[in-house]
Amino acid sequence: SSDGPRAQEWPAGLSSDNLHGTDKRRRRCTRRRCCMTSCIVCPLCCGGLLFVLLLALLHVLTDMAVEAFLDLDQAEDRAYTYPNATSASLVSSVWWPGCGYVHNMSDFSSGCAEPCFSAEWLDDMYAFNLRNPGELVNYTSRQADGVSTIKLGGWWLPAPASNATDPSPVVVLQHPFKSNSNHFRLQMAAFMLRRRGFGVLLSNWRDHGYSDSSGTGTYQWGDAYVYDVLGAWDFVVADPDGKLGGPRSSDLVGVMGFSKGAFVSTTAFGMEGRIPGAWADGGPFTPEAVFKHGARKTMASMSVGFLAPLTVGTVWDRLVEKASRRGVHLSRHLPENTLPAGPDTRRRIYVVADVGDDTVPLSQAQSLATLLQGHAEKYDATVWTTSASCHGSSHCMQLLDEYEDYETRLCAFWSGVFGLDSSTRCHSEGE
């Protein structure tokens with residue numbers, strides 16, 4: 001016998017190398033189970049898994065963002081542009097808050113508009129538009145280097161002959177995101193303006209309403225849309241086709257918009273120093289800020305809001321890159337860039353915002369107000385902050401929920417911009 005240690009005996013057919021491999025596999029298997037159960041025990045492995053899941057989430061969020069923020073939705077963008085539409089028929093054949101899509105004036109008799117607004121106002125609007133019809137007109141976007149010139153279309157809605165000066169002042173009205181000239185907000189605002197003696201052009205951006213396609217398939221945001229607004233303004237000033245009552249002085253044509261339309265109109269106001277005034281209701285200050293706000297809301301609804309700080313900025317960067325590949329630069333023109341370059345003429349601008357707006361948060365209007373206040377030599381700014389709500393929405397709903405006050409303020413502002421007496425124009429029953 002040997003006094004030394006006994007040689008280790010391995011089971012038949014199993015070498016020490018094979019055993020070590022089995023141990024390794026067992027340890028890998030253990031780590032896999034660890035990754036699925038406890039990040040405390042196996043943090044490195046679990047961190048890798050979370051990283052993979054985060055990449056997958058980024059991919060999903062980017063696809064969602066492209067569809068919601070970049071890709072045109074032509075069902076929405078060209079809604080209600082049916083043949084033989086008239087300014088009167090649009091009152092009774094579009095979507096209204098609380099009532100949904102209506103087909104005739106009797107649909108309002110159920111009281112669906114209450115308590116936000118009155119069906120009686122819509123009856124007045126319908127009768128007014130019957131007496132004072134408008135017409136569809138065509139014009140082009142303003143020419144600019146690197147931007148396609150597009151044939152645009154919109155509604156020319158003249159002031160009633162009994163109220164109009166010769167020629168009457170005109171407001172170019174711009175629609176919100178995923179919308180067009182036939183949207184209920186524009187129709188209501190046009191009615192308010194026209195019965196106070198102001199003409200209105202309800203304009204459409206490229207790819208929207210009655211305007212031609214750009215071929216990009218993409219929402220332009222801070223890119224080409226500003227030239228669509230400026231083209232509409234040029235058209236009213238020059239009246240090249242003789243359909244608008246003749247050429248007008250540039251100081252008789254203002255711009256106005258809701259939501260994204262306010263953003264683009266404000267940008268155009270900064271670029272074109274001859275525009276005498278602008279009304280901006282519920283507009284974003286930048287596309288990036290309003291996108292990130294919406295993205296955080298969406299992630300919260302998916303129960304992954306805690307990951308927003310890690311993902312939203314990256315998703316925005318990817319959106320910018322994807323838009324650029326399509327020839328669209330989302331932030332090419334912004335109010336923060338164009339307004340400081342305006343002339344030192346104290347032009348008037350009215351900003352409307354709602355404290356409860358969860359689509360374009362109040363901070364966006366506050367950023368615009370701060371910018372304007374920093375350029376008091378250029379702009380005479382008024383900010384109206386309210387707390388309006390209409391059937392669950394607080395985004396650009398003041399013109400319905402605070403109808404009479406909104407119309408009075410609107411009339412007084414534009415009367416001041418155009419140098420008109422508001423004492424009788426804004427406090428009578430209108431046409």
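In the predicted model, N84 is found in the loop that runs between α3 and β1 (95-96), and its phi is near 65°, a positive value in a residue other than glycine. The relative accessible area of N84 is 74%, so this residue counts as exposed. A positive phi, of about 45°, also occurs at D239, which is not a glycine either; D239 is found in the loop between α6 (225-238) and β7 (253-258). At D239, however, the relative accessibility is 5%, and this residue is therefore classed as buried. A further feature of the backbone is the cis peptide bond that joins E114 and P115, with omega at about 0°, where P115 belongs to the loop between β2 (100-101) and α4 (119-131).

Eight strands form an open sheet with mixed pairing, in the order β3-β4-β6-β5-β7-β8-β9-β10. The edges of this sheet are β3 (135-140) and β10 (379-386), each of which pairs on one side only, and the twist from one strand to the next averages 20°. At the β3 edge, the pairing with strand β4 (residues 151-157) is antiparallel and extends over six bridges; within this part of the sheet, V137 stands opposite G154 in β4.

Among the helices, α7 (residues 260-271) comprises 12 residues and spans 17 Å from its first C-alpha to its last, close to the 16 Å expected at 1.5 Å a residue. Of these 12 residues, 11 are buried, so α7 is largely enclosed by the rest of the structure. The buried positions of α7 include the charged residue K260 as well as F263, V264 and F269. Helix α2 (residues 43-70), by contrast, contains L53, which together with L49 and L50 makes a nonpolar surface patch of about 260 Å².

A search of the whole structure finds 14 salt bridges. In one of them, the side chains of R326 and D71 meet at 2.9 Å, N to O. Because R326 lies in the loop between α9 (308-325) and α10 (335-338), while D71 lies in the loop between α2 and α3 (74-77), this pair ties together parts that are 255 residues apart in sequence. Both partners fall in the intermediate class of accessibility: R326 is partly exposed at 31%, and D71 is partly exposed with a relative accessible area of 26%.

A second salt bridge is formed by the side chains of R196 and E407, at 3.2 Å from N to O. This pair likewise links distant parts of the chain, with R196 in the loop between α5 (184-194) and β6 (199-203) and E407 in helix α13 (residues 403-417), 211 residues apart. Here both R196 and E407 are buried.

The side chains of K297 and D358 also meet in a salt bridge, at 3.5 Å from N to O. In this case K297, in helix α8 (residues 287-301), is linked to D358, in the loop between β9 (347-354) and α11 (362-373), across a separation of 61 residues. K297 is partly exposed, with a relative accessible area of 38%, and D358 is partly exposed as well, at 42%. In addition to these pairs, R142, D234, E272 and R274 are linked in a network of salt bridges.

Note on methods: Residues are numbered from 1 along each chain as its sequence is written. This is a predicted model: local features need pLDDT of at least 70, side-chain atom pairs count only at pLDDT 80 or more; totals for chains, interfaces and linings use all residues. Side-chain values use heavy atoms; hydrogens and water are left out. Patches are made of residues with over 30% relative accessible area and no salt bridge: like charges are joined within 9 Å, nonpolar side chains (Val, Leu, Ile, Met, Phe, Trp, Tyr) within 5 Å. Accessible areas come from the Shrake-Rupley method with a 1.4 Å probe; for residues, only the protein chains shown count as cover. A salt bridge is a side-chain nitrogen of Lys or Arg within 4 Å of a carboxyl oxygen of Asp or Glu. Helices (H or I, at least four residues) and strands (E, at least two) are DSSP runs, numbered from the N terminus. Two strands pair if DSSP finds at least two bridges between them. Axes are lines fitted to C-alpha atoms, for helices over the stretch in contact, and angles run from 0 to 180 degrees between N-to-C directions. The expected span of a helix is 1.5 Å times one less than its number of residues. Buried means under 20% relative accessible area, exposed over 50%, partly exposed in between (1.4 Å probe, protein chains only).
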